[in-house]
Every structure is written in structure tokens, then in C-alpha cells.
Amino acid sequence: MAGQFKLSHNGQSWQIMARKGAGAATEAAWVSLGGCPDQIVAVRVWLALVAREGRG
């Protein structure tokens, strides 16, 4: 499913978010997997999650 993970910037921290919910889009909720003050580290974690999603 495309768009399962997203990366957002909140103040001084980068948040990695995952969509939770298998039903319709109205039932889905975004859950934070954690934050990181370093953009490069956050992007690497996000890319790893997106790549792993494609293998599943």
C-alpha cells in the first residue's frame, strides 16, 4: 500500500509516522514511530521502512 509511512517536521524534530488501520481511509490513523532531531538519520529510517514495505 502506497503512503503507509510518512516523514514530517515538527518544530526541531523529524517525526516518522505509520498509518494504522486496515479498513477504509476514514478509519485509518497516523501513529508516530518516533522522532529524531537529525534530518539525515530520520530520512534513512524512513527510507528503510519504505523499502521493507515493498518486500512484504
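**Gln15 and its surroundings in a three-stranded sheet**

The side chains of Gln15 and Ser32 are joined by a polar contact of 2.7 Å, where a polar contact is a pair of N or O atoms within 3.5 Å; within protein, one atom must be able to donate a hydrogen and the other to accept it, and residues adjacent in sequence count only if both atoms are side-chain atoms. This is a predicted model, in which local features need pLDDT of at least 70 and side-chain atom pairs count only at pLDDT 80 or more, while totals for chains, interfaces and linings use all residues. Residues are numbered from 1 along each chain as its sequence is written, and side-chain values use heavy atoms, with hydrogens and water left out.

Gln15 belongs to strand β2; helices (H or I, at least four residues) and strands (E, at least two) are DSSP runs, numbered from the N terminus. Its relative accessibility is 16%, so Gln15 counts as buried (buried means under 20% relative accessible area, exposed over 50%, and partly exposed in between, with a 1.4 Å probe and protein chains only). With residues up to four places away in sequence set aside, Gln15 touches Lys6, Leu7, Ser8, Asn10, Ser32, Gly34 and Gly35, contact meaning heavy atoms within 4.5 Å. Although Gln15 and Gly34 are 19 residues apart along the chain, their C-alpha atoms are separated by 5.9 Å.

Gln15 also has a side-chain polar contact with Ser13, at 3.4 Å. Ser13 lies in β2 too, a strand that covers residues 13-20. Beyond its neighbours within four places in sequence, Ser13 is in contact with Ser8, Gly35, Cys36 and Pro37.

What, then, is the order of the strands in the sheet? Three strands form an open sheet in the order β1-β2-β3, with antiparallel pairing; two strands pair if DSSP finds at least two bridges between them. β1 (5-10) and β3 (29-36) stand at the edges with a single partner strand each, so one side of each is left without a neighbour in the sheet. On average, neighbouring strands of this sheet are turned by 30° against each other, direction ignored, with axes taken as lines fitted to C-alpha atoms. Between β1 and β2, which run antiparallel, there are six bridges, and Phe5 stands opposite Ala18 in β2.

A charged group and a ring complete the picture. The charged end of Lys6 sits over the ring of Trp30, 4.6 Å from its centre; the criterion is NZ of Lys or CZ of Arg within 6 Å of the ring centre and within 35 degrees of the ring normal.

Note on methods:
Axes fitted to C-alpha atoms, helices over the stretch in contact; angles between N-to-C directions.
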